[in-house]
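This briefing concerns a single protein chain, examined from its overall dimensions down to individual residues. Please consult the sequence and the coordinates alongside the text.

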Amino acid sequence: MTEPEDLIPSVFARDCASRYVLADVTGRWGGLALAALHDGSYRFNALRRRVDGVSEKMLAQTLQALERDGMIRREVQATIPPRVEYSLTDLGARVAAKLKELIDLVEGEIGPIQKAQAEYDTFRS
C-alpha cells in the first residue's frame, strides 16, 4: 500500500490534499484573511473589521481551516476576558506574500479590468 508521503502532490488530481489547502487559501475569505494578517497580528474583531463584509461565523471557520493547514497561529492570552490574537506562521507568511503580489497586480490593473468588463457587458447585452 502506498503511503501518503510517497504520492506526488498535484493540485489537478481530485483527491490531492494540496487541492483542499488551495481552496482554503484562495476561497472568498481565506485570501483576504491571509493578506490582512500579512500586515501584522490581529484580534478577531479587528480582523473582522479589516476584512469588510465577512460574517463572524465565516471568519471563524476560515481561521480554523487556515490554522489546521498550518498557515495561521492562534494565541490565547490568559487575561480576563481572554484575549485571542491571530498571526501568520512562517508558511502562512510565505503564502500571504504571494497573495499580496497577486492583489497588488489586480489592484494596479483595475482600470483596464473594468474597461474589459464594461466592453464585455455591452457586447453581451
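The points below move from the whole chain to its core and then to selected residues.

The model is a predicted one. The protein chain contains 6 helices and 3 strands, arranged along the sequence as α-α-β-α-α-β-β-α-α. Its radius of gyration is 18 Å, whereas a compact globule of 125 residues would have a value near 14 Å.

**Overall dimensions and surface**

- Along the principal axes, the C-alpha atoms of the protein chain occupy a box of roughly 60 × 50 × 25 Å.
- Buried residues make up 26% of the 125 residues of the protein chain.
- The protein chain exposes an accessible surface of about 9200 Å², and carbon and sulfur atoms account for 54% of that area.
- There are 17 positive and 19 negative side chains in the protein chain, with 5 Å between the centres of the two sets.
- When contacts between residues at least 6 apart in sequence are considered, 42% of them link residues at least 24 apart.

**The nonpolar core**

- In soluble globular proteins, nonpolar side chains tend to be buried together.
- In the protein chain, the largest nonpolar core comprises 22 residues, and L34, L47, L63 and I72 have the most contacts inside it.
- Two or more residues of this core come from each of helix 2 (30-38), helix 3 (44-50), helix 4 (56-68), strand 3 (83-88) and helix 5 (90-108).
- The greatest contribution to this core is that of helix 2, which supplies 4 residues.
- Beyond its neighbours within four places in sequence, L34 contacts V25, L66, M71, I72, L88, V95, A96 and L99.

**Helix 2 and its end**

- Helix 2 is largely enclosed by the rest of the structure, because 7 of its 9 residues are buried.
- These buried residues of helix 2 are G30, G31, A33, L34, A35, A36 and L37.
- H38 also belongs to helix 2, but H38 is partly exposed, with a relative accessible area of 36%.
- With residues up to four places away in sequence left out, H38 touches L88, A93, A96, A97 and K100.
- The C-alpha atoms of H38 and R94 are 9.2 Å apart, although 56 residues separate the two along the chain.
- G40, just after helix 2, adopts a positive phi of about 145°.

**Strand 3 and the loop before it**

- A cis peptide bond connects I80 and P81, with omega about -5°.
- P81 is located in the loop between strand 2 (72-77) and strand 3.
- S87 is part of strand 3.
- S87 counts as buried because its relative accessibility is 16%, and the cut-off for burial is under 20%.
- Not counting residues up to four places away in sequence, S87 is in contact with L37, S41, M71, I72 and R73.

**Residues that recur**

- I72 is among the residues with the most contacts inside the largest nonpolar core, and I72 is also touched by S87.
- L88 and A96 are contacted by L34, and H38 likewise touches L88 and A96.
- M71 appears among the contacts of L34 and among those of S87.
- L37, one of the buried residues of helix 2, is touched by S87.

How values were computed
Residues numbered from 1 in each chain as written. Predicted model: local features only at pLDDT ≥ 70, side-chain atom pairs only at ≥ 80, totals over all residues. Heavy atoms only, no water. Rg over C-alpha atoms; globule rule 2.2 N^0.38 Å. Buried < 20%, exposed > 50% of the residue type's maximum accessible area, 1.4 Å probe, protein only. Contact = heavy atoms within 4.5 Å. Areas by Shrake-Rupley, 256 points an atom, 1.4 Å probe, with all protein chains shown as cover. Lys, Arg positive; Asp, Glu negative; His and termini not counted. Charge placed at Lys NZ, Arg CZ, Asp CG, Glu CD. Core = buried A, V, L, I, M, F, W, Y, C linked by side-chain atoms within 4.5 Å.
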